[in-house]
Structure formats: C-alpha cells, structure tokens
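Colleague: I'd like to practise reading a fold with you. Could you take me through one, feature by feature?

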Amino acid sequence: MTILDGRKTSNDIKNEIKAEVDKMKANGEKVPHLAAVIVGNDGASLTYVGSKVRACERVGFESTMVRMANTTSEIELLDKIDELNNNDDIDGFIIQLPLPPQINTRKVLMAVNPDKDVDGFHPMNFGKMALDMSTFIPATPFGILELLDRYGVETDGKHTVIIGRSHIVGRPMSILMGRKGFPGNSTVTLTHSHTKNITQITSQADIIISALGIPNFLKAEMVKDDAVIIDVGITRVPDDSEKGYYITGDVDFENCSKKASYITPVPGGVGPMTIAMLLKNTLLARDQHRKNK
C-alpha cells in the first residue's frame with residue numbers, strides 16, 4: 001500500500017512555482033497576485049484564507065485579503081467583485097464560501113470575471129472543462145488529478161466510483177476521470193445520497209473518490225483488494241482532547257488501508273493539494289493576462 005502524500009507533493013509544486021516566480025523577479029516582471037474575499041467571521045474560513053495568504057508568501061506571490069462584515073449586503077459584495085474584476089494588478093481572486101444567508105452565492109460566483117476565476121467555479125470555466133478546453137480546473141479536483149499523475153496511478157480503462165455530486169468536487173471529478181488522456185479514460189459511476197446498493201457499486205471499483213462529508217462512511221467491506229482510495233472528506237469530530245475535536249475523512253482509514261493499493265490520508269492528503277493548485281491556477285491566470293496584453 002502506498003500513501004498518496006499530499007503534503008510532500010504540494011511542497012514539490014510550491015517549490016516549482018517559487019522557482020518560476022524567482023525567474024520573473026530576476027527579469028523585473030510582475031509576479032502573480034491573488035486576492036481572497038471573506039465575508040463574516042467563520043473560524044474555518046478565516047483559517048483557510050490565512051493558509052492561502054501564507055502559501056502566497058511562500059512562493060513569492062502578492063496577496064490581498066479583503067475582509068467584509070457579516071452584515072455586508074449582496075450589492076456591496078457585487079460592487080467589490082466589480083472592483084476586483086477591473087483591477088489589472090490582480091490576476092485571480094476567490095470568494096471564500098460559505099457566504100451569509102442574505103447573499104445569493106450563485107449570483108456572486110456568476111459575477112466573477114471568468115479570466116480571474118482561479119477557483120474554477122464560473123459556469124463558463126465549468127463548461128470549458130466539460131468540453132476538454134483549456135481552462136481553470138477547480139482546485140480540489142485539479143489536486144486529485146495531480147496526485148494520480150505524480151504517483152503514476154493507472155486510470156486508463158479503470159472503473160472509478162465517485163461518492164458525492166457537489167459542483168465543487170464530485171461533479172467535476174466525474175467529468176475529468178472520464179475525459180480522454182491521463183489521468184482519465186476511466187469508466188465513471190457517480191453515486192450520491194439517493195444511490196441504492198452503494199456497497200455493491202463501490203466493491204466493484206478500481207478507484208474510489210469519496211467527497212461526501214460523512215466521517216468513516218467508506219468501510220473495508222465496501223472496498224475490493226488493491227483499490228485506489230481518494231478521501232476528500234474532512235470533518236471535525238468532537239472528542240475529549242485538549243483541542244476538543246479530531247479531524248477525520250470519509251474513509252475508515254485504518255481498515256481500508258489494509259486492502260488499498262494507494263490511499264490518501266486525512267489530514268495530509270487532498271487538503272494540501274487544494275491550496276497548491278489554487279496557486280498553480282493563479283500562475284496560469286497571470287501568464288494568460290500577459291499573453292492577452
């Protein structure tokens with residue numbers, strides 16, 4: 001069994017990006033600039049955005065954190081997005097989710113300029129991805145592809161079962177794993193909360209990608225020998241420790257790892273890859289803007 005080490009792989013990617021940024025600096029060129037908009041004081045969101053800012057510093061990007069109050073109106077947020085869309089210094093920006101209830105998330109994501117949508121959530125970028133056109137791939141699916149690629153995990157002709165159909169992970173992964181090329185060329189089954197006999201389906205899978213958000217949902221009896229298991233889930237489970245919780249994924253790692261050929265840990269698997277690929281998308285955005293000038 002091989003651990004798909006997201007921490008190591010993401011560090012490798014950050015080092016590669018830093019080398020490119022160092023070359024830009026040496027040539028007197030503009031370095032990539034990523035902005036993040038956060039509305040409210042959600043603890044997990046603040047932590048996540050903070051880690052993105054630190055990652056930018058690590059690779060030599062410029063970064064801007066735009067903090068807005070929990071009472072921000074939809075119009076105020078849309079005005080801020082318009083400002084970022086028209087700021088030539090910013091190559092890409094993200095809107096940290098979730099947003100407060102008074103704001104229509106879909107309307108907000110639609111307002112982001114697709115050329116700066118480094119999260120890959122805009123319908124134009126999603127459509128391009130579905131048509132195999134060059135675009136921003138959502139950071140978590142992009143990270144999963146990169147892990148499979150760098151570890152040389154065979155996907156051609158394999159049966160991939162995806163658990164969860166979110167627009168952020170499950171749906172795009174179902175498209176990407178079925179596309180022509182590597183990683184891809186697999187036969188994809190997309191399962192979700194209405195799927196019947198899910199164990200029957202997962203036990204036939206060569207590759208399982210679980211993005212459900214239910215702790216330890218995938219048990220060893222649901223997995224065949226030598227399956228590849230990608231655990232996207234990350235849940236804080238309360239306990240009696242000093243922190244008051246422990247972090248776990250969708251997969252019963254202890255038992256499933258005994259049967260798997262490759263498996264991602266939680267934490268330290270898909271999570272670190274998400275931020276690394278957000279940086280990669282920002283680098284791509286900066287290169288694209290340079291070509292278009």
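Modeller: Sure, we'll go through sheets, domains, packing and backbone oddities in turn. Keep in mind that this is a predicted model.

Colleague: Let's start with sheets. What is the strand order in the open sheet of six strands?

Modeller: The general idea: strands of a sheet pair through backbone hydrogen bonds, either parallel or antiparallel. Here the order is β1-β11-β8-β7-β5-β6, and the pairing is parallel. β1 (2–3) and β6 (187–191) each have a single partner strand, so one side of each is left without a neighbour in the sheet.

Colleague: And how many bridges join β5 to β7?

Modeller: Four bridges hold β5 (residues 159–163) and β7 (residues 207–210) together, with the strands running parallel. If you want one pair to look at, take I163, whose bridge partner in β7 is S210.

Colleague: There's a sheet of three strands as well. Which are its edge strands?

Modeller: That open sheet has the order β3-β2-β4, again with parallel pairing. β3 (62–68) and β4 (92–95) are the edge strands, each pairing on one side only. Ignoring direction, neighbouring strands in this sheet are turned by 15° against each other on average. β2 (residues 33–39) pairs with β3 over seven bridges in the parallel sense, and H33 stands opposite E62 in β3.

Colleague: In which sense do β9 and β10 pair, parallel or antiparallel?

Modeller: Antiparallel: β9 (residues 235–238) and β10 (residues 245–248) share four bridges. V237 has Y246 in β10 as its bridge partner. The two strands make a hairpin with six residues between them, and G244 in the turn has a positive phi of about 90°.

Colleague: How do the annotated domains map onto the chain? Which residues does UniProt list for the NAD(P)-binding one?

Modeller: The UniProt record, an unreviewed entry, gives residues 138–288 for "Tetrahydrofolate dehydrogenase/cyclohydrolase NAD(P)-binding". Over that span the chain is 32% helix and 19% strand, with the end C-alpha atoms 17 Å apart. The record, also marked unreviewed, places "Tetrahydrofolate dehydrogenase/cyclohydrolase catalytic" at residues 4–119. Residues 4–119 are 49% helix and 16% strand, and their end C-alpha atoms lie 23 Å apart.

Colleague: On to the interior. Which residues touch the most other members of the largest nonpolar core?

Modeller: That core has 48 residues, and I17, F61, I144, M173, I209, I230 and V232 touch the most other members. Helix α10 (residues 270–292) gives the largest share, nine residues. Apart from this core lies another, of 16 residues, among them V37, I81, I90 and V108. To see one contact set, look at I17: leaving out residues up to four places away in sequence, I17 touches V59, F61, A276, L279, K280 and L283.

Colleague: How should I read the packing of α6 against α10? At what angle do they pack?

Modeller: Two packed helices are described by the angle between their axes and the distance between the axes. For α6 (residues 139–150) and α10, the angle is about 105° and the axes are 7 Å apart. Angles from 65 to 115 degrees count as roughly perpendicular, and α6 and α10 therefore fall in that class. On the α6 side the contact includes A139, F142, I144 and L147, while α10 brings residues including V270, M273, T274 and M277.

Colleague: Is T274 buried or exposed?

Modeller: T274, which lies in α10, is buried, with a relative accessible area of 10%. Not counting residues up to four places away in sequence, T274 touches Y48, A139 and T140.

Colleague: Last topic, backbone oddities. Which peptide bond has omega near -10°?

Modeller: As background, most residues other than glycine have a negative phi, and most peptide bonds are trans. The bond from F182 to P183 is cis, with omega near -10°, and P183 sits in the loop between α7 (170–178) and β6. The bond from V266 to P267 is cis too, with omega near -5°; P267 is in the loop between β11 (262–263) and α10.

Colleague: And where is D132, whose phi is positive?

Modeller: D132, with phi near 65°, is in the loop between α5 (123–130) and α6. D132 counts as partly exposed at 48% relative accessibility. D226 also has a positive phi, near 70°, and lies in the loop between β7 and β8 (228–231). D226 is exposed, with a relative accessible area of 57%.

Note on methods
Residues numbered from 1 in each chain as written. Predicted model: local features only at pLDDT ≥ 70, side-chain atom pairs only at ≥ 80, totals over all residues. Heavy atoms only, no water. Pairing = 2+ DSSP bridges. UniProt positions renumbered as here; feature names shortened; annotations may be inferred. Core = buried A, V, L, I, M, F, W, Y, C linked by side-chain atoms within 4.5 Å. Buried < 20%, exposed > 50% of the residue type's maximum accessible area, 1.4 Å probe, protein only. Contact = heavy atoms within 4.5 Å. Axes fitted to C-alpha atoms, helices over the stretch in contact; angles between N-to-C directions. Parallel < 35°, antiparallel > 145°, perpendicular 65-115°, else oblique.
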